Protein chains: 2
Amino acid sequence: MRIGELATKAGVSVRALRYYEEQGLLSAARSSGGQRHYLDDAVDRVYLIQMLYAAGLSSRTILDLLPCVDAKVNTPQSRAMLRAERDRIDRQITQLRQARKRLDEVIALSESPASGCTRTNTDASVA
Amino acid sequence: MRIGELATKAGVSVRALRYYEEQGLLSAARSSGGQRHYLDDAVDRVYLIQMLYAAGLSSRTILDLLPCVDAKVNTPQSRAMLRAERDRIDRQITQLRQARKRLDEVIALSESPASGCTRTNTDASVA
DNA sequence: CTTGTCCCTCACATGAACGTCAGGTTTTAC
DNA sequence: GTAAAACCTGACGTTCATGTGAGGGACAAG
């Protein structure tokens, strides 16, 4: 599979895939002409990378974690790193919950009819 | 209270506070000499801004939301926006949970003694 | 063998939330 | 009244994950 197909299948841009390779997150075989060729499991690898990016991890951190995910590295240090990142994610979830709670309060206030405006043109465009 | 004190109390940099003002998120009175002066509640306002930044909202989105938080704007549109952001946060939490779950699986694997390496130099440098 | 499509490598641009330095003013403390 | 500390306005620098050409090969189809 060449880069365009992988990009389509994984739902990311070609540029992003090249960037992942540059960061050491994704490797590819090269054809005689220099074109990248990927195996099918590259799609899952890209999914994983995206998931970790979405969780707020940096390229560098992902680079450190991937060998653990591949079960190729298993040292006390690597385990500590894994736990550290998991805890970071936990803290981030906590923060998000707080923000969500705060927004919910605002929403509740704005939807209860005690907000000062007696009659708004409610649910006119709510669909 | 001047900008330095607010920065200290709210735990952000002076530069950040000037940036918030530039983005319209935080207003300040000015002394005759042009220096910014804040009321005590500015601290909470900065906390709120930070919370929303931490939740992944952009300056622009926060700018749109703040009038709702201040209960100064309450229209069908603003309520829809609030719900949209809350839902975005929910989706983000879901993503984070997935990532966390994935990491937990890796951690479980690396801590169970079936990872291929029979005897690692475990807890030698764990402190 | 030529087109068209995909691919390659630079390399500069982008947006967000600041950091940082320059050069100058204001406030505070003694 | 003077010196230090804090503040001011630009304005350019930084980091990260890409976007966006420029200019030129690679490769399947006819």
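How many residues surround DNA strand D, and which are the closest? The count is 21, with A:Ser13, A:Tyr19, A:Ser59, B:Gly4 and B:Arg36 being the closest; here a residue is near a strand if one of its heavy atoms lies within 4 Å of it. The model is a predicted one, so to speak with its own filters: local features need pLDDT of at least 70, side-chain atom pairs count only at pLDDT 80 or more, and totals for chains, interfaces and linings use all residues. Residues are numbered from 1 along each chain as its sequence is written, chains are lettered from A and ligands numbered from 1 in the order in which they are written, and side-chain values use heavy atoms, with hydrogens and water left out.

Staying with strand D, sugar or phosphate holds 74% of its atoms within 4 Å of the protein, and bases hold the rest. One base oxygen of the strand sits 3.1 Å from a side-chain N or O atom of A:Arg15. On the backbone side, a phosphate oxygen of strand D is 2.9 Å from a polar side-chain atom of A:Tyr20, and a sugar or linking oxygen is 3.4 Å from a side-chain N or O atom of A:Gln35. At least two residues each of the surface near strand D come from α2 (14–22) and α3 (42–54) of chain A and from α1 (3–10) and α2 (14–22) of chain B. These helices are DSSP runs (H or I, at least four residues; strands are E, at least two), numbered from the N terminus. The top contributor is α2(A), with 4 residues. By class, this surface has 5 nonpolar, 10 polar and 6 charged residues, where Ala, Val, Leu, Ile, Met, Phe, Trp, Tyr, Cys and Pro count as nonpolar, Asp, Glu, Lys and Arg as charged, and the others, Gly among them, as polar.

What about DNA strand C? It is surrounded by 23 residues, the closest being A:Gly4, A:Arg18, A:Arg36, B:Ser13 and B:Ser59. Of the strand C atoms that come within 4 Å of the protein, 75% are sugar and phosphate. Phosphate oxygens of strand C lie 2.5 Å from a side-chain N or O atom of B:Ser13, 3.1 Å from a polar side-chain atom of A:Arg30 and 3.2 Å from a side-chain N or O atom of B:Tyr19. Two or more residues of this surface come from each of α1 (3–10) and α2 of chain A and α2 of chain B. Here α2(B) gives the most, with 4 residues, and the classes run to 6 nonpolar, 10 polar and 7 charged.

Now for the protein–protein side. Chain B puts 39 residues in contact (heavy atoms within 4.5 Å) with 37 residues of chain A. The two chains bury about 3700 Å² between them, 67% of it on carbon and sulfur atoms; buried area is the accessible area (1.4 Å probe) that two parts lose on being put together, summed over both. B:Leu96, B:Arg100 and B:Leu103 supply 16% of what chain B buries against chain A, more than any other three residues.

The chains share 6 salt bridges (a side-chain nitrogen of Lys or Arg within 4 Å of a carboxyl oxygen of Asp or Glu). B:Glu111 forms one with A:Arg83, the closest N and O atoms being 2.3 Å apart. On the side of chain B that touches chain A, α5(B) gives the most, with 23 residues.

Conventions: A polar contact is a pair of N or O atoms within 3.5 Å; within protein, one must be able to donate a hydrogen and the other to accept it, and residues adjacent in sequence count only if both atoms are side-chain atoms.
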